[in-house]
Amino acid sequence: MKILTYKHGGETAVGVLKNDGSEVVPVNYLGCSAIDMNTFLDVQNEKKLEKLDRNKELMQGIPLDEVQILSPIPHPKQDVVCLGINYYAHAEEAARFHDEAFGGERPVPIYFSKRINRALADGEEIDGHLDIVDSLDYEAELAVIIGKDARNVKPEEVFEYVFGYTILNDMSARNLQTSHKQWYFGKSLDDFTPIGPWIVTKDEFKNPPALPIRSYVNGELRQDSNTELMINGIEKVICELTQGMTLQAGTIIAMGTPAGVGMGFEPPRFLKRGDVVTCEIEGIGTMTNKIK
């Protein structure tokens, strides 16, 4: 089931996409009064989702081409939790670009956070901040959405806490990322987190999902991998993090990017004004944004 945030008639709402993709059924048609995705995730459980899935096909919705699709979680409750260097081939290309910042042994996962004032949607333009950024890069990533508050989660319980999956482009200013010796500033500029186009619930996949993941710049294939090639998988990440912190419903975990980012080429192929970046994960969809 695909669940999205959209605007129609000047109002923002949460809806469920019909199976044929033609219409959006507002969740308030289906007995849910949630005003945004964060609220929706707070009140959901398996039985309610099953009811939504059954009833959405019985209701007349709004034609998809009449709504503006927004990022599924335009204003996350907290910073996004991110995995750094979580595919082997990406680790190699990152170390070639800047060994001091990205090289070395990694016996444990690298976690960092990414601030979002507002998550961009599919089709929105990205401010590249090219006045202070000379090495603008893209990173297609699978994002995990937590469905209920998670603490001290056991390996066999992990997917009870996962609501679904979406696409996240972890835009990065490499010059800021490397010069500051940490990644927060270079990852957190305004517009640097497109997320979308919707959340696909976990029941649509085997878990953990093994999905082809790709990115394109101006139509040219750049990244081409599969989420099953992560170094640290979803089970390990959620188990480890929840031993000492609570992941609230609505938490977004960006699971890292595969090889093929701009800094991985020789010479590097960074983004410039007018470039169009498309991130794609099979089973979820595509998200395209232009640099302005």
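**Exercise 1.** Find the loop that holds H129, then state whether H129 is buried or exposed.

*Solution.* Step 1: locate the residue. H129 lies in the loop between β7 (110-114) and β8 (136-137). Strands (E, at least two residues) are DSSP runs, numbered from the N terminus. This is a predicted model: local features need pLDDT of at least 70, side-chain atom pairs count only at pLDDT 80 or more, and totals for chains, interfaces and linings use all residues. Residues are numbered from 1 along each chain as its sequence is written, and side-chain values use heavy atoms, with hydrogens and water left out.

Step 2: check phi. Most residues other than glycine have a negative phi. H129 is not a glycine, yet its phi is positive, about 50°.

Step 3: check accessibility. H129 has 16% relative accessibility and counts as buried. The cut-offs are under 20% relative accessible area for buried, over 50% for exposed, and partly exposed in between (1.4 Å probe, protein chains only).

**Exercise 2.** Place N218 and give its relative accessible area.

*Solution.* Step 1: N218 is found in the loop between β13 and β14. Step 2: N218 also has a positive phi of about 50° and is not a glycine. Step 3: its relative accessible area is 46%, so N218 is partly exposed.

**Exercise 3.** State the strand order of the open sheet that contains β13, and name its edge strands.

*Solution.* Step 1: the order of the four strands is β14-β13-β16-β17, with antiparallel pairing. Two strands pair if DSSP finds at least two bridges between them. Step 2: β14 (220-226) and β17 (285-290) each pair on one side only, as edge strands. Step 3: five bridges join β13 (residues 212-217) to β16 (residues 276-281). Y216 stands opposite T278 in β16.
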